[in-house]
Amino acid sequence: FPLHATVLAKNHKAIAISGPSGVGKSTLALRALGLGFELVAEDRAWYHVPSGLVIGLDHHLHLFDQSLDLFGHQNLPLPEHQRDLKGKLMIPIPSKMTLLPLHQIIFMGPAKLLHPHEKVKLLWESSGVPLSHLAKQKSMIHIPTIMKLVADHQLDREQAFVALNSL
């Protein structure tokens, strides 16, 4: 199952943080690095439902200068001029192509309790790519299993940081 999510790991457990573009996933990842988390994926990951393992498909943080000013991590290798199309700095993060057990999926946005139908909608939106008819059929089989990992509440930026810190 493809995930448009930032995936962080600590103690060999991965946590996927998903949400719309601009909600603060990358900034949360930067803050989590300061807590000793490892970046597994900044924006794209693949979750293998039968095994329960997740792997990252990209290994750069894309951050605005303001995020670095507020939450900068002194050990990050800062490129001089590498920027993406939105003007964000592209910071390479050393990462291992490791399969890790996915512990939880957190959705970022306005803080609220998520009803089951909202969780399903957010999960489908978090796939991040248009799926072929066959891929949708095969993915649908796994939705009940994946739903067990989805947190009951959508969290705002600070709540997501607190939740991550507590895990």
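This report describes the fold of a predicted protein model, from its overall dimensions down to single residues.

## Overall form

The protein has five helices and 10 strands. Its C-alpha trace spans about 45 × 30 × 30 Å along the principal axes. A compact globule of 167 residues would have a radius of gyration near 15 Å, and the protein agrees with this because its own value is 15 Å.

Of the 167 residues, 47% are buried. Contacts between residues at least 6 apart in sequence were also sorted by separation, and 69% of them join residues at least 24 apart.

## Surface and charge

The exposed area of the protein is about 9100 Å². Carbon and sulfur atoms supply 59% of that area. The protein carries 16 positive and 13 negative charges, and the mean positions of these two groups lie 8 Å apart.

## Strand S1 and its partners

Strand S1 covers residues 2-10. Seven of its nine residues are buried, so S1 is largely enclosed by the rest of the structure.

S1 pairs with S2, S3 and S4, and each pairing is described here in turn. With S2 (13-18), S1 runs antiparallel over six bridges. One residue pair in this arrangement is Thr6 and its bridge partner in S2, Ile17. With S3 (38-41), S1 is joined by three bridges, again in the antiparallel sense; here Val7 has Ala41 as its bridge partner. With S4 (44-48), S1 is also antiparallel and joined by three bridges, and Pro2 stands opposite Trp46 of S4.

## The turn between S1 and S2

S1 and S2 form a hairpin with two residues between the strands. Asn11 is found in this loop, and His12 lies in the loop as well. Asn11 has a positive phi of about 55° although it is not a glycine. His12, also not a glycine, has a positive phi of about 65°.

Both loop residues lie at the surface by the cut-off of over 50% used for exposed residues. Asn11 counts as exposed because its relative accessibility is 66%. His12 is exposed too, with a relative accessible area of 65%.

## Ile17 in strand S2

Ile17 lies in strand S2. A residue counts as buried when its relative accessible area is under 20%, and Ile17 meets this condition because its value is 1%.

The C-alpha atoms of Ile17 and Val7 are 6.2 Å apart, while the two residues are 10 apart in sequence. Leaving aside residues up to four places away in sequence, Ile17 touches Ala5, Thr6, Leu8, Lys25, Leu28, Ile106, Met108 and Leu164. Two of these contacts, Lys25 and Leu28, are among the buried residues of helix H1.

## Helix H1

Helix H1 is formed by residues 25-33. Nine of its nine residues are buried, so the helix is largely enclosed by the rest of the structure. They are Lys25, Ser26, Thr27, Leu28, Ala29, Leu30, Arg31, Ala32 and Leu33.

What do the buried residues of H1 pack against? The strands concerned are S1, S2, S3 and S6 (60-63). The helices concerned are H2 (65-71) and H5 (157-166).

## Strands S6 and S7

S6, which packs against the buried residues of H1, is joined to S7 by four bridges, and the two strands run antiparallel. Within this pairing, Leu61 has Ile91 of S7 as its bridge partner.

In a regular strand the side chains alternate between the two faces of the sheet. Strand S7, residues 89-92, has alternating side chains. Leu89 and Ile91 point to one face and are buried, whereas Met90 and Pro92 point to the other and are not.

## Pro50 in a loop

Pro50 is found in the loop between strand S4 and strand S5 (53-56). Is Pro50 buried or exposed? With a relative accessible area of 63%, Pro50 is exposed. Pro50 and His142 are 92 residues apart along the chain, and their C-alpha atoms are separated by 8.3 Å.

How values were computed. Residues are numbered from 1 along each chain as its sequence is written. This is a predicted model: local features need pLDDT of at least 70, side-chain atom pairs count only at pLDDT 80 or more; totals for chains, interfaces and linings use all residues. Side-chain values use heavy atoms; hydrogens and water are left out. The radius of gyration is taken over C-alpha atoms; the globule rule is 2.2 Å times the number of residues to the power 0.38. Buried means under 20% relative accessible area, exposed over 50%, partly exposed in between (1.4 Å probe, protein chains only). Contact means heavy atoms within 4.5 Å. Accessible areas come from the Shrake-Rupley method with a 1.4 Å probe; for residues, only the protein chains shown count as cover. Lys and Arg count as positive and Asp and Glu as negative; His and the chain ends are not counted. The place of a charge is taken as NZ of Lys, CZ of Arg, CG of Asp or CD of Glu. Two strands pair if DSSP finds at least two bridges between them.
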